[in-house]
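Student: I would like a close look at one part of this model, set in the context of the chains around it. Please take your time and connect the pieces as you go.

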Amino acid sequence: MKTIIALTLAVLFLASCSSFELSDANKLQKGMTSAQVLNTVSKGPDKTFDIRIPSRPNMQYTIYQFTLKLGGITADYVAAFSDDKLLYWGHPYEFNRYPDPVINEIGREVLIHSKL
Amino acid sequence: MMQHRRITGWPFLMSVLCLVGLTGCGPQFLTYNSIGFLQKGMDQASVHDKMDVSASSTITIFEQGQTYVFEYYPLQTAQSKSTNTTNNYGAFGQVTSKITTTTITDHTNTLIVLYKERRLRYWGMMGDFSKSEDPEILAIAPAIYQKFMQN
């Protein structure tokens with residue numbers, strides 16, 4: 001019993017120490033499933049939510065919102081899935097400048113939804 | 001008619017100190033989160049209104065038959081902390097006290113904000129322009145690069 005408690009505490013401690021860093025972002029690949037993303041990164045998203053965009057109201061996009069650790073500071077980092085395939089990921093400002101208007105719209109909806 | 005009264009002595013000194021204090025506390029650079037508001041097509045004045053800091057310089061170029069204006073902003077990309085401990089020794093070589101100093105370093109990069117016809121067209125670090133997925137940006141990136149390297 002004591003061993004189980006100790007192991008649980010150790011796992012919780014390690015989980016609290018891990019963080020989502022640039023090395024995690026670099027491991028992401030277009031087309032990954034959400035499960036693959038979760039298995040790849042050191043720390044899961046802080047928030048997960050679904051959005052719809054005005055130009056494609058029938059489509060639903062799943063958003064993972066991570067906290068990217070950059071030494072002593074943090075920044076928001078977003079991964080967007082369509083049909084459980086990773087479509088695009090980056091800082092919100094990267095979504096907004098992308099040539100594809102769908103990615104721009106996803107960026108805007110994420111900002112509205114999460115009040116980033 | 002408005003009457004102007006000259007502020008002198010302590011009130012004047014306090015006003016100056018407050019102004020200096022407020023200026024000193026303002027942000028020195030942009031952060032990734034603070035530029036999330038940028039949207040293609042925004043006018044230059046709106047961008048300036050919402051930016052936490054002013055552009056460090058503004059450059060105009062004529063490329064591909066178009067006039068482009070771009071601005072440089074300091075962007076905080078990371079922060080590191082280092083701790084250094086110095087021992088003070090007594091007459092017999094024993095450590096009498098320790099002084100620990102912590103240094104926080106802000107790592108910054110230059111954010112380039114590009115306007116075409118006074119409308120926001122693109123933004124990012126120099127490398128983002130050079131490898132942009134946007135053909136128009138990729139075409140003018142060498143001209144921006146040239147100016148960037150001269151700066």
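Tutor: What follows begins with the chain as a whole, turns to its last helix, and then moves outward to the core and the contact between chains.

This is a predicted model, with an ipTM of 0.78 and a pTM of 0.78. For chain B the mean pLDDT is 88, and 83% of its residues reach 70 or more. Chain B holds 4 helices and 4 strands, and, read from the N terminus, its elements follow the order α-α-β-β-β-β-α-α. Of the 151 residues in chain B, 18% are buried, and among its contacts with a separation of 6 or more, 52% come from residues 24 or more positions apart.

The part to examine closely is helix 4 of chain B, which covers residues 135-150. Its 16 residues, at 1.5 Å a residue, should span 22 Å, and because the end C-alpha atoms are 24 Å apart, the expected span and the modelled one agree. That agreement sits alongside a bend of about 40 degrees at A141(B), with a proline, P142(B), following within four residues. A141(B), where the bend lies, is also one of the buried residues of the helix, which are I137(B), I140(B), A141(B) and I144(B). The elements covering these buried residues include strand 1 (57-63), strand 2 (66-89), strand 3, strand 4 (119-124) and helix 3 (126-130) of chain B.

One of the buried residues, I144(B), leads from the helix to I112(B), since I144(B) is among the contacts of I112(B) once neighbours within four places in sequence are left aside. The other contacts of I112(B) on that basis are F70(B), Y72(B), W123(B), G124(B), M126(B) and F129(B). I112(B) is itself among the residues with the most contacts inside the largest nonpolar core, a set of 43 residues in which A79(A), A80(A), V113(B), L114(B) and W123(B) are listed with it. Strand 3 of chain A gives the most to this core, with 6 residues. In soluble globular proteins, nonpolar side chains tend to be buried together.

Strand 3 of chain B, which spans residues 95-116, also contains T102(B), and this residue offers a contrast with the buried positions of the helix. T102(B) counts as exposed because 9 other C-beta atoms lie within 10 Å of its own, and the cut-off for that class is 12 or fewer. Not counting residues up to four places away in sequence, T102(B) touches K81(B) and T83(B). Between T102(B) and G90(B) there are 24 Å from C-alpha to C-alpha, at a sequence separation of 12 residues.

The partner chain completes the picture. Chain A has 5 helices and 4 strands, arranged from the N terminus as α-α-α-β-β-β-β-α-α, and 25% of its 116 residues count as buried. Where the two chains meet, 16 residues of chain A and 20 residues of chain B take part in the contact. On the side of chain A that touches chain B, strand 3 (73-82), helix 4 (92-97) and helix 5 (101-114) of chain A are the elements that give two or more residues. Helix 4 of chain A gives the most to that side, with 4 residues, and the residues of the side comprise 9 nonpolar, 5 polar and 2 charged.

How values were computed. Residues numbered from 1 in each chain as written. Chains lettered and ligands numbered in written order. Predicted model: local features only at pLDDT ≥ 70, side-chain atom pairs only at ≥ 80, totals over all residues. Contact = placed C-beta atoms within 7 Å. Nonpolar A, V, L, I, M, F, W, Y, C, P; charged D, E, K, R; others polar. Buried ≥ 20, exposed ≤ 12 C-beta atoms within 10 Å, placed from the backbone. Core = buried A, V, L, I, M, F, W, Y, C linked by C-beta atoms within 7 Å. Expected span 1.5 Å × (residues − 1). Bend = angle between axes of the 7 residues up to and from the residue. pLDDT = per-residue confidence, 0-100.
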